Amino acid sequence: MSLLEVKNVSRSFGGLRAVDGVGFRVEEHAIKAVIGPNGAGKTTLFNLISGSLPCESGEIFFRGRPIQGLPPHRIAGLGIARTFQNIRLFARMTVIENIMVGRHTRARTGFGGAMLGLPSSRREDREVRERCMEVARTMGLEHEAGKEAGSLAFGRQRLVEFARALAMEPTLLLLDEPAAGLNIHETAEIAQVIKDIRDRGLTILLIEHDMSLVMDISDDITVLGSGKKIAQGPPAMIQADPEVIKIYLGEDDA
């Protein structure tokens, strides 16, 4: 059984069919990429999987369980975390505080206990901070834990966003253009981070425009064009696919 299965999902905005009958599977412990030109429907697809948008038709299964129609917090609680193309950190909060935000899906103490400062709440807060410091260390952020997130270089902010997602202890991590805005050195660092995350037992589903990154780290690739799936397979097959070449280079160049 695949970890994630997307079956014939569709979503329209007005008269535009942003995602049109797309389906694919993500195998456990794999790095799966979804690529395509701007407007291909990649981010809409991520929003359908994460629950930010409802599907008009089709089904999405996580560990064999249907998840379409569930709210985002329920889907996150099942073990699916995501990052965003545009970094969404709390700039005035510290790095460790940002990472701790990602831990809220694992919290046991309710709002009332936190407001009253009950011993159980204080104990859980210490446990959360300790766990999040472990995550910071695995991402090489321990020396920046007390700094404001907004003061970090862009590439380091991207790592904080990764760390916040990992604090949820997900099974599946959705990465929306993780190399967006990064230089060559930072992109190489992110590529290694993604492979390290996979090697620690997680499964990765990513959207990315940087083809060198995608071809270097992906086990399997799905290509979208105008909302439809036009190709799927390992990197070598995708690189040689004439339809993929056409949508990236144009018919004349292809």
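Arg63 is partly exposed in this predicted model, because its relative accessible area of 41% lies between the limits of 20% for buried and 50% for exposed residues. Arg63 sits in the loop that joins strand S4 (57–62) to strand S5 (65–66). Its backbone is worth a look as well: phi of Arg63 is near 55°, a positive value in a residue other than glycine. Most residues other than glycine have a negative phi.

Ser226 gives a second example of a positive phi in a residue other than glycine, again with a value near 55°. The loop in question here runs between strand S9 (220–225) and strand S10 (228–233). With a relative accessibility of 62%, Ser226 counts as exposed, since the cut-off for that class is over 50%. A positive phi is also found at Gly51, the residue that follows helix H1, where the angle is near 90°.

Helix H1 itself spans residues 42–50 and is mostly covered, with eight of its nine residues buried. Among the buried positions of H1 are the polar or charged side chains of Lys42, Thr44, Asn47 and Ser50. Leu45, Phe46, Leu48 and Ile49 in H1 are buried too.

Attention now turns to the loop between helix H5 (119–138) and helix H6, which holds Glu144 and also Ser151. Glu144 has a relative accessibility of 14% and is therefore classed as buried, the limit being under 20%. Ser151, by contrast, is exposed at 53%. Both residues can be placed relative to distant parts of the sequence. Glu144 and Ile96 are separated by 48 residues in sequence, yet their C-alpha atoms are 8.3 Å apart. For Ser151 and Val95, the separation is 56 residues in sequence and 9.7 Å in space, again from C-alpha to C-alpha.

The side chains of these two loop residues have polar partners. That of Glu144 makes a polar contact with the side chain of Arg156 at 2.7 Å, while that of Ser151 reaches the backbone oxygen of Glu148 at 2.6 Å. Once neighbours within four places in sequence are set aside, Glu144 is in contact with Val95, Leu152 and Arg156.

Arg156 leads on to helix H6, as it is one of the H6 residues that meet helix H7. H6 covers residues 154–166 and H7 covers residues 184–199; the two pack at an angle of about 15°, and their axes are 10 Å apart. The helices are therefore roughly parallel, as the angle falls under 35 degrees. Their crossing is right-handed. On the H6 side, the contact is made by Gly155, Arg156, Arg158, Leu159, Phe162 and Leu166, and these meet Glu186, Glu189, Ile190, Val193, Ile194 and Ile197 of H7. Sorted by class, the residues of this contact are seven nonpolar, one polar and four charged.

Arg158, one of the charged residues in the contact, belongs to H6. Its relative accessibility is 1%, so Arg158 counts as buried. Leaving out residues up to four places away in sequence, Arg158 touches Ile190 of H7, together with Phe84, Gln85, Ile87, Glu177, Pro178 and Ala180.

Terms used: Residues numbered from 1 in each chain as written. Predicted model: local features only at pLDDT ≥ 70, side-chain atom pairs only at ≥ 80, totals over all residues. Heavy atoms only, no water. Axes fitted to C-alpha atoms, helices over the stretch in contact; angles between N-to-C directions. Parallel < 35°, antiparallel > 145°, perpendicular 65-115°, else oblique. Left-handed = near helix turned anticlockwise from the far one by under 90°. Contact = heavy atoms within 4.5 Å. Buried < 20%, exposed > 50% of the residue type's maximum accessible area, 1.4 Å probe, protein only. Polar contact = N/O pair within 3.5 Å; in protein donor to acceptor, adjacent residues only side chain to side chain.
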